[in-house]
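Here are a few exercises on strands, helices and how they pack. Keep the model open beside you and try each task before you read its solution.

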Amino acid sequence: MSDSDTEPTATADEPEFDGPMIVAKGLRKRYGTLEAVCGIDVTVERGEAFGFLGPNGAGKSSTMRMVAAVSPVSAGELRILGMDPATHGPQIRARLGVCPQLDTLDMEISVRENLTVYGRYFGLSRAECASRADELLDFVQLTEKASGTVEALSGGMKRRLSIARSLINSPDVLLLDEPTTGLDPQARHLVWERLFRLKQRGVTLVLTTHYMDEAEQLCDRLVVMDKGLIVAEGSPTDLIQAHSTREVTELRMGVGEHDEVATQVKDLADRVEVLPDRVLLYTDDGERASVAVHERGLRPASVLVRRSTLEDVFLRLTGRTLVD
Amino acid sequence: MEMVLRQFDYWATTYRRTWRGSVVSTFVMPLFYLLGMGVGLGAFVDDQSRSELPDGVTYLEFIGPGLLATMVMMTAMFESTYPVYGNIKWTKVYEAMLATPLTVVHVLNGHLLYVAFRTASMSAVFVVVLAGFGIVDSVAGGIGALLAAILIGMAHATPVFAYSARLKSDSGFAPLFRLGLLPMFLFSGAFFPIQSLPDAIEWLAYLMPVWHGVELCRNLILGTGDWGADIGHVGYLVTWIVIGWGLARWSFGNRLAEGA
């Protein structure tokens, strides 16, 4: 991909839009009687990497489908690149790249054909499709697989091909719905690295994830969704500051001792959480808490002092109950 | 139309990958039917009841155009079942297309156009084979039958598109084939004049678009019949296409806009 492809440049017949890429106000999505998105306000600026975090069923994918201008808005206001998806769906979609949660690649045609055929939907000439396909295959490191079938690709390769396909029209905004779900660690890191490079080139990234490390790696700003609502918003560090402590001390005690231990150490931390296998002490100085625990004569089987992560924020905000 | 043609490369690529597999069903099978029923059974039928067939035609002449119409019906229906259902449920080809500037109507028309191409190419071969048997009355009649075949294909494809796009499970295709396609094939008037059937079934046959297709193809290929009747048949087929397309549009919109 050449720089001119990704630099946001204005053309004569299409004046460059310079407001926020996505603006949602009171956005809602209903399916029959079920309300999946219950009124959210979101603004995504140009060049930003923006994340929607939340457990399954939080309304992330429904939001993404509305933003992708494929699912009609039930209520509220939504503007993408300054346009209304209800009236300008095709114009909006022409400038978006969409990498869906489940790959929608065509298994019956070759890896390269998946790109060239797709480029035609955007009205690109065959020559443009061919040259962009080659550049993108190189970008996602699939050049060697170009003439093979999609079926022969691993999960990580399919994901990279999906990402390449979503870039065929040099989009202003790239929407990624759980880009690394189901991938092994090597594949995830390769996807992250490619996405980071896109971000550096000025492509606005909007992604959903339930991996906290993914959000911390990629997102400048994110919202945490739960049950169709936004429960927190900010940069990863802001969110940790606002909703957790700097550090966490994890104590593993004998079976059945946890509740008793929790009452004994209650004053050593800002917040104490009892889990079936651990007691968590949320504190700004985990080492000191650990020393204090020992001074009280408690002998945990193991002690782990770690930095607070988005995962702590996430679990605090959305609870530990399993969501199916 | 430009938006529909943007899908040309996709369907052309798919066709290049799959056409070999469809050669037997679309080109060789009709020939077997013609040889087996037209020539083989025909020799027997013509001996017995030549005078029974309208316009005093031979059985091969009677069944040839009828086979064209029914084979087109079958191809169009098959092409509108699993391929449509699969593109929604399994391969998600439509979903991928709809993430681009294409709309539901573009996607629907693109796939219908592909089915039209499939039925037209099959019909062209079939008409040439019929000409080889010497039963095509005129070039204009042959071309007319080819156009009629496209109408027959679309009259069956559009409502089946609507049906396939509504299905939640592919088990819904069994009743379509057994209770829909099979009786339509048998009572289409392709193999015997439907006047031989009990009155109730005869009237049912008049309602089926395929009977009109069979009659239309027969009139055009053999140079029999009259214009008034032909215009009626064309009108009836077009009515099915218009209603079928409306249903397919509604069904596609419902299913794809919410990405079930």
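**Exercise 1.** Find which strands of chain A helix α11 lies across, and its angle to β10(A).

*Solution.* Start by locating the helix: α11 of chain A covers residues 286-295. Helices (H or I, at least four residues) and strands (E, at least two) are DSSP runs, numbered from the N terminus. Next, list the strands beneath α11(A): β10, β12 and β13 of chain A. Contact here asks that C-beta atoms, placed from the backbone, lie within 7 Å. Finally, α11(A) runs at about 30° to β10(A). Such angles run from 0 to 180 degrees between N-to-C directions, with axes being lines fitted to C-alpha atoms, for helices over the stretch in contact.

The model is predicted: local features need pLDDT of at least 70 and side-chain atom pairs pLDDT 80 or more, while totals for chains, interfaces and linings use all residues. Residues are numbered from 1 along each chain as its sequence is written, and chains are lettered from A and ligands numbered from 1 in the order in which they are written.

**Exercise 2.** Work out the strand order of the open four-stranded sheet in chain A, and its edges.

*Solution.* The order is β11-β12-β10-β13, with antiparallel pairing. Two strands pair if DSSP finds at least two bridges between them. The edges, each paired on one side only, are β11 (271-274) and β13 (302-307) of chain A. On average, neighbouring strands are turned by 20° against each other, direction ignored. Now zoom in on one pair: four bridges join β11(A) to β12(A), residues 279-283. There, A:R271 has A:Y282 as its bridge partner. To finish, add helix α10 of chain A (258-265), which lies across β10, β11 and β12 of chain A at about 175° to β11(A).

**Exercise 3.** Describe how α3 and α8 of chain B pack.

*Solution.* Two packed helices are described by the angle between their axes and the distance between the axes. For α3(B), residues 59-79, and α8(B), residues 173-186, the angle is about 170° and the axes are 10 Å apart. That makes the two helices roughly antiparallel, a label for angles over 145 degrees (under 35 is roughly parallel, 65 to 115 roughly perpendicular and the rest oblique). Then name the residues: B:T70, B:M73, B:M74 and B:M77 in α3(B) meet B:L181, B:M184 and B:F185 in α8(B). Sorted by type, the contact has six nonpolar residues, one polar and no charged. Nonpolar covers Ala, Val, Leu, Ile, Met, Phe, Trp, Tyr, Cys and Pro, charged covers Asp, Glu, Lys and Arg, and the others, Gly among them, are polar.

Technical notes
Contact = placed C-beta atoms within 7 Å.
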